[in-house]
Amino acid sequence: MATSSATATPTTTRRSSSSNELIANCVIYQTALDITGVVNQLVAEGQVVDPDDLATISPYIRENIRRFGECVLDTTTPEPAVTTRLDIVLDS
């Protein structure tokens, strides 16, 4: 539920922040589980997994996840205003 800045209270702001942190933590946890599953599968298939390689993998993905939503900045010139008025005379 989005809260406008006019009605935002410290409680709703704190609750929203806590929700965002919970979602981020869930994403990180799921990513760690996925990494663990893949590494275990590689080991079961007989692949050698170097601990130094594992040290470079992070469950905190930043490249493809936008934690705070997508921010789009449109720098194109706006189109001229559309005329919505009809300049006609109606017969009474």
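In which helix is I35 found? The legends below address this residue and its surroundings in a predicted model.

**Figure 1. Overview of the protein chain in the predicted model.** The chain contains two helices and zero strands. Of its 92 residues, 3% are buried. The exposed area of the protein chain is about 8,800 Å², and carbon and sulfur atoms account for 56% of that area.

**Figure 2. Close-up of T31 in helix α1.** Helix α1 spans residues 10–44, and T31 lies within this element. The relative accessibility of T31 is 13%, so the residue counts as buried, the limit for that class being under 20%. A polar atom of the T31 side chain lies 2.8 Å from the backbone oxygen of V27.

**Figure 3. Close-up of I35 in helix α1.** The opening question is answered here: I35 is found in helix α1. I35 counts as partly exposed because its relative accessibility is 24%, a value in the class between 20% and 50%.

**Figure 4. Close-up of I35 and its contacts beyond the sequence neighbourhood.** When neighbours within four places in sequence are set aside, I35 is in contact with I57, S58 and P59. For the pair I35 and I57, the separation is 22 residues in sequence, and the C-alpha to C-alpha distance is 8.4 Å.

Notes. Residues numbered from 1 in each chain as written. Predicted model: local features only at pLDDT ≥ 70, side-chain atom pairs only at ≥ 80, totals over all residues. Heavy atoms only, no water. Helix = DSSP H or I, 4+ residues; strand = E, 2+ residues; numbered from the N terminus. Buried < 20%, exposed > 50% of the residue type's maximum accessible area, 1.4 Å probe, protein only. Areas by Shrake-Rupley, 256 points an atom, 1.4 Å probe, with all protein chains shown as cover. Polar contact = N/O pair within 3.5 Å; in protein donor to acceptor, adjacent residues only side chain to side chain. Contact = heavy atoms within 4.5 Å.
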